[in-house]
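Visitor: I'd like a close look at one part of this model, with the cut-offs spelled out as you go.

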Amino acid sequence: MRPTQMLNAGPNWKVGNYLGHDFGALGGASKQKGIVTYGLAANRQNPFAGAAHDAIFNTFRRTKSQIFYWLPPLIAGYYLMNWATERNHYLNSKAGRAEFGDSE
């Protein structure tokens with residue numbers, strides 16, 4: 001049996017028709033009211049319309065709403081790493097070894 005015969009054997013798959021079964025009170029393959037279908041040709045679409053504008057302003061809006069969640073830990077981490085680096089340099093310097101050399 002050819003595949004097209006199987007496709008034609010089922011319900012009517014045309015646009016605007018109900019895609020349910022023919023049993024029960026589901027409406028069958030009859031034409032349904034209130035179904036509106038729109039289409040747009042692929043060569044008429046502009047997928048990047050407003051992409052640069054949306055990228056700039058959406059990024060600003062999302063950053064503005066989230067900045068207090070990530071900026072304070074970022075600043076605290078920077079100052080902690082800066083303190084740790086300076087402390088390490090001091091402890092490995094001549095003055096640091098003289099001050100804390102006998103404690104190890």
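Visitor: To set the scene, how much accessible surface does the protein chain have, and what share of it belongs to carbon and sulfur atoms? Then zoom in on residues 67-84, the stretch that UniProt annotates.

Guide: The accessible surface comes to about 9,800 Å², with 61% belonging to carbon and sulfur atoms (Shrake-Rupley, 1.4 Å probe; for residues, only the protein chains shown count as cover). Bear in mind that this is a predicted model, where local features need pLDDT of at least 70, side-chain atom pairs need 80 or more, and totals for chains, interfaces and linings use all residues. Numbering runs from 1 along each chain as its sequence is written, and side-chain values use heavy atoms, leaving out hydrogens and water.

The protein chain reads α-α-α, with three helices and zero strands (DSSP runs numbered from the N terminus: H or I for at least four residues, E for at least two). Buried residues make up just 6% of its 104 residues (buried is under 20% relative accessible area, exposed over 50%, partly exposed in between; 1.4 Å probe, protein chains only).

Now your stretch: an unreviewed UniProt entry labels residues 67-84 "transmembrane region", in the numbering used here, with a shortened feature name, and such annotations may be inferred rather than shown by experiment. Those residues are 100% helix, and their end C-alpha atoms sit 25 Å apart.

Trp-70 lies in helix H2, residues 51-91, and is partly exposed at 41% relative accessible area.

Further along, there's the structure's one aromatic pair. The ring centres of Tyr-78 and Tyr-79 are 5.6 Å apart and the planes meet at 70°, so it's edge-to-face (centres within 6.5 Å, using Phe, Tyr and the six-membered ring of Trp; under 30 degrees is stacked, over 60 edge-to-face, the rest tilted). Both Tyr-78 and Tyr-79 are exposed.
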